[in-house]
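User: I have a structure open and would like to understand the words used to describe it. Could you take me through them?

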2 protein chains.
Amino acid sequence: MSLKLTILGCHSATPRTFAHPTSQFLEINNRYFLIDCGEGTQTQLRKYKIKFSRIKHIFISHLHGDHFYGLIGLISTLSLLNRQTELHIFGPKGIKEIINLQLKLTKSWIEYPLYFHELTSKKSELIFEDKKVEVFTIPLKHRIYTNGFLFKEKPKERSLNIIHIKKYPEIEICDYQNLKNGKDFVKENGEIIINNILTSDPPPTLQYAFCSDTAYFEDIIPLIENCDLLYHESTFLEDKKDLAKITKHTTAKQAARIADKANVKKLLLGHYSNRYKNENLFLEEAKPIFTNTELSFEGKEIKIPSKY
Amino acid sequence: MSLKLTILGCHSATPRTFAHPTSQFLEINNRYFLIDCGEGTQTQLRKYKIKFSRIKHIFISHLHGDHFYGLIGLISTLSLLNRQTELHIFGPKGIKEIINLQLKLTKSWIEYPLYFHELTSKKSELIFEDKKVEVFTIPLKHRIYTNGFLFKEKPKERSLNIIHIKKYPEIEICDYQNLKNGKDFVKENGEIIINNILTSDPPPTLQYAFCSDTAYFEDIIPLIENCDLLYHESTFLEDKKDLAKITKHTTAKQAARIADKANVKKLLLGHYSNRYKNENLFLEEAKPIFTNTELSFEGKEIKIPSKY
């Protein structure tokens, strides 16, 4: 399993016993990311048995309370649990000041290294990268500065075509890594054997796009095109299309239109307004436009197998 | 019913699904107070069907996260609910800066009047008073500046002794309020009828003392003496007496000793460390020293009838 997303909360605005604000836990290519952290996220993490120690990077989309009021509590709890490893917070400018002021006034000394990566750019940028994964921002259109996030597996190595390689006894095992990296083989006499005779294309990489909160915003389409999974907010149904426009949110139908235009593989709806008691209505509105739509709900797990 | 206390959370440190941090809702003499506001308090208020509109005064004992991390979320939710009436926050210096910074950075405009009453005194002081109730601080001994709170019904009026009053035809109905207020009656000829011939003592008033978090601290005894209900933290049992001393918390046995020395009517334990799985152990430790001890638990209601 190469991608697993766990929904910890998927409702908008005020938390209730059975309606938690936005938070998701993502496992992609053996890396773990917490996305948004509404009030009560730490309790949800415990409920769904997600080990706190796995969280090393937290991405906050924007500074509305239902997306980050649980962050200070989680940071404090990690300290109480005697965490030693680094924690990286990615979020809009201001988040460092909010957290640090509270830590100072509560006289909480965080023993583990806590790093803030404050975001200000209105253009998509690479904000995290390691050997296996890259994370890019997806600038969204909301009432305050907001980013979605695109989580991408790093391009994998080319697959060796051993039958063809064996035809060239001068290619030794120590050359294989160069071939995997796409390099041509150069014989001692200067003759070149081009790489794609010796290897085949790597399998495509998995991509998850998280887009909340935002108005209907077609500018994101080039950034999320062909992704395997798109979470797109759908705070309202079409009956509140005008309210969606005023508050810079999206209807389920509009979210489906984005999914369709971006040719994603699967759409996941969420960030439902508490005014709707029957969430199936979101699905009914989206499916005629984009068939492979699913509802998010608390505790839902979506697994997408590796393309190897 | 003149005093009703609802326990919204009574565990220390990190919140869990069935262990919420400190928060209590108090109704005394038809006044309503929220005491402490750990993460998730707004969800607990909904769960126990306490109307948000009743909350006009919130008292925060100290700036440790398990006592106030839910405050910003509650303040924001009241705004989303279009609250118009005043909200008063009483708490240690710094609380205003924490809340205001978050409101500023989240661009949340609070429409209702929000007043902060920051506390700095190390002596007990009257911090709230209206016609029916007074609230005093109870300075506690903890790792950071901390106050408990004493909620007192205002002294009631003296009861008219109509049989005796009727013996003096010169006393008219318009004089009754003066008699209720304790004044003597002066005849036209200057003769004085002393008040306690005409009235009897008012019934005693109800008092609730909230004391969390604190080390064993006998200085509080004169402040809470004879109160009807004492909530006293008992983070630990005697097996962790040394840890209680280091962290400036109390054991159940020590809490019972305070209750006994202060001659309170009833003791309520709480703020349990999550390390203890069986909370009855707290009761077993306290009862031999103070018989009328009860455990707090989430959703518990304690009702004390008026003494009229």
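Analyst: Happily! One thing to keep in mind is that this is a predicted model. A good place to begin is a pair of strands in chain A: E4 (residues 57-59) and E5 (residues 87-92) pair in the parallel sense over three bridges.

User: What makes E4 and E5 of chain A a pair?

Analyst: Two strands pair if there are at least two bridges between them. E4 and E5 of chain A have three bridges, so they count as a pair by that rule. To find the spot on your screen, look for His57(A), which stands opposite His88(A) in E5(A). Helix H4 (residues 95-105) of chain A packs on the sheet there, touching E5 and E6 of chain A, and its direction makes about 150° with that of E6(A).

User: Which strands form the sheet in chain A, and in what order?

Analyst: Seven strands form an open sheet, in the order E6-E5-E4-E3-E2-E1-E18, with mixed pairing. From one strand to the next, the twist averages 20°.

User: Why are E6 and E18 of chain A said to stand at the edges?

Analyst: Strand E6 (114-119) and strand E18 (301-304) of chain A each have a single partner strand, so one side of each has no neighbour in the sheet.

User: What makes strand E1 of chain B mostly covered?

Analyst: A residue is called buried if 20 or more other C-beta atoms lie within 10 Å of its own. In E1 (residues 3-9) of chain B, six of the seven residues are buried. E1(B) is also joined to strands of its own chain: six bridges link E1(B) to E2 (residues 23-28) in the antiparallel sense, and Ile7(B) stands opposite Gln24(B) in E2(B). Another four bridges, also antiparallel, join E1(B) to E18 (residues 301-304) of chain B, where Leu3(B) has Ile304(B) as its bridge partner.

User: How do you know that helix H10 of chain B is largely enclosed?

Analyst: The same cut-off for burial applies. Seven of the 10 residues of H10 (residues 252-261) of chain B are buried, so the helix is largely enclosed by the rest of the structure. Among the buried residues of H10(B) are Ala252(B), Lys253(B), Gln254(B) and Ile258(B). The buried residues of H10(B) pack against helices H8 (221-224) and H11 (280-286) and strands E15 (229-233), E16 (267-270) and E17 (293-295) of chain B. Following H10(B) is Asn263(B), with a positive phi near 55°.

User: Why is the relation between chain A and chain B called a two-fold axis?

Analyst: Two copies of a chain are related by a rotation about an axis and a shift along it. Here chain B can be laid on chain A by a turn of 179° and a shift of 0.0 Å along the axis, with an RMSD of 0.2 Å. That is the relation of a two-fold axis. In chain B, the residue that comes closest to the rotation axis is Gly40(B), at 2.9 Å (C-alpha).

User: How do you know that the same surface serves both copies?

Analyst: The contact residues of chain B recur in chain A to 100%. Each chain gives 30 residues to the contact. On the chain B side, helices H1 (41-47), H3 (71-80) and H4 (95-105) each supply at least two residues. By class, that side has 10 nonpolar, 14 polar and six charged residues.

Methods
Residues numbered from 1 in each chain as written. Chains lettered and ligands numbered in written order. Predicted model: local features only at pLDDT ≥ 70, side-chain atom pairs only at ≥ 80, totals over all residues. Contact = placed C-beta atoms within 7 Å. Nonpolar A, V, L, I, M, F, W, Y, C, P; charged D, E, K, R; others polar. Least-squares fit on C-alpha atoms with pLDDT ≥ 70 in both. Axes fitted to C-alpha atoms, helices over the stretch in contact; angles between N-to-C directions. Buried ≥ 20, exposed ≤ 12 C-beta atoms within 10 Å, placed from the backbone.
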